[in-house]
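Hi,

Here is the structure I promised to pass on. Have a look at it first, and then read my notes below.

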Amino acid sequence: MNQASNYNLRDEIKEYWSMRAATFDEQPGHEIFSETERAAWHALFERHFGKGEGRKALDLASGTGVISHLMHDLGFDVTGMDWSEAMLEKARTKSKLRGSNITFLLGDAENTLEADNSYDVIVTRHLVWTLVDPAAAFAEWFRVLKPGGKLLVVDGDFVSPTWATKFNKAMAGFLETLGLRKPVETIPQLQTHRDILARVHFSGGARSDEVSGMLSTAGFDPIKVDFDLKQIHAAQKKHISFAKGLERGAQHRYAICAQKPFEA
Ligand SMILES: C[S@@+](CC[C@H](N)C(=O)[O-])C[C@H]1O[C@@H](n2cnc3c(N)ncnc32)[C@H](O)[C@@H]1O
């Protein structure tokens with residue numbers, strides 16, 4: 001991929017998320033819709049990071065600030081970074097309303113411009129699958145973390161069809177044949193999503209083994225893959241359709257905790 005097409009793709013990704021900012025928090029899986037879900041997220045972060053105790057956390061691709069706020073609840077001194085102004089505006093409004101003192105910065109997660117060895121932890125949810133240059137991003141996160149600091153990547157393969165995708169598609173087709181369901185029209189937003197997805201690094205889906213391998217190449221060690229997201233998904237399922245709940249449970253979703261060695 002040449003420089004010019006990389007530049008265009010990054011702009012398209014920014015525009016796409018900016019377009020989604022207005023309604024992003026209405027979707028379960030983005031904003032938190034129950035205290036059960038909030039507790040499940042807290043448990044995940046605490047399991048890997050421990051309590052915040054004023055340590056410095058960087059939430060990359062912070063979007064509307066959902067993860068930043070969860071980290072703030074745990075006592076971290078949080079900085080959120082996103083390259084979409086529209087997302088940042090939502091995050092800053094939320095922070096003001098909640099009285100949280102989170103700093104939200106405009107920036108590219110692949111080139112943060114933050115100082116070397118400056119954060120105790122880095123967290124990022126649903127960014128890796130859409131990175132243009134993940135190898136550069138992982139090297140950047142390694143640089144910015146303090147020795148002994150930890151990275152938590154919450155992500156998944158949202159591309160490969162699962163048994164649930166196939167089941168839902170078959171059911172939809174069957175109901176359409178009976179006239180009990182209208183065929184779903186492709187909305188322009190979905191087409192933009194597909195166009196972008198076809199050109200990012202993980203266009204075939206961000207599998208945990210590939211992401212872990214790249215983190216290892218960047219110098220992280222040890223690397224642990226945590227698939228125990230059941231409590232989070234169970235809480236989310238109460239707020240989404242049966243078909244979506246099946247799909248969420250069947251997808252390859254994970255949290256990868258990777259440490260920068262103390263001697264690095
Ligand atoms: C699926 S949303 C996730 C938002 C948030 N992490 C969450 O889980 O609620 C993806 C976000 O990544 C941001 N983003 C994508 N690539 C980025 C990059 N290279 N640098 C900074 N932000 C980026 C988008 O602007 C968008 O806000």
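S1, helix H3 (residues 66-73) and S2 together form a right-handed β-α-β unit. Keep in mind while you browse that this is a predicted model. The two strands of that unit, S1 and S2 (residues 77-82), are paired in the parallel sense over five bridges. If you want residues to click on, Leu58 has Thr79 as its bridge partner in S2, and Lys56 stands opposite Asp77 in that strand.

S1 also has a partner in S4 (residues 119-125), again in the parallel sense, this time over three bridges. Here the bridge partner of Leu58 is Ile122, while Asp59 stands opposite Val123. So how enclosed is S1? Four of the five residues in this strand (residues 56-60) are buried, so the rest of the structure largely encloses it.

S4 tells a similar story: six of its seven residues are buried, so S4 too is largely enclosed by the rest of the structure. Six bridges link S4 to S5 (residues 145-157), and these two strands run parallel. One pair to look for is Tyr119, which stands opposite Leu145 in S5. Between S4 and S5 the chain passes through helix H5 (residues 134-144), in a β-α-β crossover that is right-handed.

Now zoom out to the sheet as a whole. It is an open sheet of seven strands with mixed pairing, and the order is S3-S2-S1-S4-S5-S7-S6. Which strands sit at the edges? They are S3 (103-106) and S6 (223-226), each of which pairs on one side only. From one strand to the next, the twist averages 20°. Helix H4 (residues 85-98) packs on this sheet and touches S2 and S3, with its direction at about 170° to that of S3. As a general reminder, strands of a sheet pair through backbone hydrogen bonds, either parallel or antiparallel.

There is a ligand to look at as well. Its surroundings consist of 19 residues, and the closest are Trp17, Ala61, Gly63, Ala109 and Arg125. Helix H1 (3-24) and H3 are the elements that give two or more residues to this shell. What is the shell made of, by class? It has nine nonpolar, six polar and four charged residues.

Arg55 deserves a stop too. You will find Arg55 in the loop between helix H2 (35-49) and S1. Is this residue buried or exposed? Arg55 has 19 other C-beta atoms within 10 Å, and being buried takes 20 or more, so Arg55 counts as partly exposed. Setting aside residues up to four places away in sequence, Arg55 touches Phe76, Asp77, Asp120 and Val121. Of these, Phe76 is 21 residues from Arg55 along the chain, yet their C-alpha atoms are separated by 5.2 Å.

Next, some backbone oddities. Most residues other than glycine have a negative phi, and most peptide bonds are trans. Glu53 has a phi near 45°, which is positive even though the residue is not a glycine. Glu53 lies in the loop between H2 and S1, and with 10 other C-beta atoms within 10 Å it is exposed. Leu113 is another non-glycine residue with a positive phi, of about 65°. Leu113 is in the loop between S3 and S4, and it counts as exposed, with 10 C-beta neighbours inside 10 Å. Then there is the peptide bond from Asp221 to Pro222, which is cis, with omega near 5°. Pro222 belongs to the loop between helix H8 (208-217) and S6.

That brings me to Ser216, which is in helix H8. Leaving out neighbours within four places in sequence, Ser216 is in contact with Asp221 and Ile223. Ser216 has 14 C-beta neighbours inside 10 Å and therefore counts as partly exposed. For a longer reach along the chain, take Ser216 and Val128: they are 88 residues apart in sequence, and 15 Å apart in space from C-alpha to C-alpha.

If you have time for one thing, start with Leu58, whose bridge partners are Thr79 in S2 and Ile122 in S4.

Cheers

Key:
Residues are numbered from 1 along each chain as its sequence is written. This is a predicted model: local features need pLDDT of at least 70, side-chain atom pairs count only at pLDDT 80 or more; totals for chains, interfaces and linings use all residues. A residue is buried if 20 or more other C-beta atoms lie within 10 Å of its own, exposed if 12 or fewer, and partly exposed in between; C-beta atoms are placed from the backbone. Two strands pair if DSSP finds at least two bridges between them. A crossover is right-handed if, with the strands pointing away from the viewer, the path from the first strand over the helix to the second runs clockwise. Two residues are in contact if their C-beta atoms, placed from the backbone, lie within 7 Å. A residue is near a molecule or strand if its C-beta atom, placed from the backbone, lies within 6 Å of it. Ala, Val, Leu, Ile, Met, Phe, Trp, Tyr, Cys and Pro count as nonpolar, Asp, Glu, Lys and Arg as charged, and the others, Gly among them, as polar. Axes are lines fitted to C-alpha atoms, for helices over the stretch in contact, and angles run from 0 to 180 degrees between N-to-C directions.
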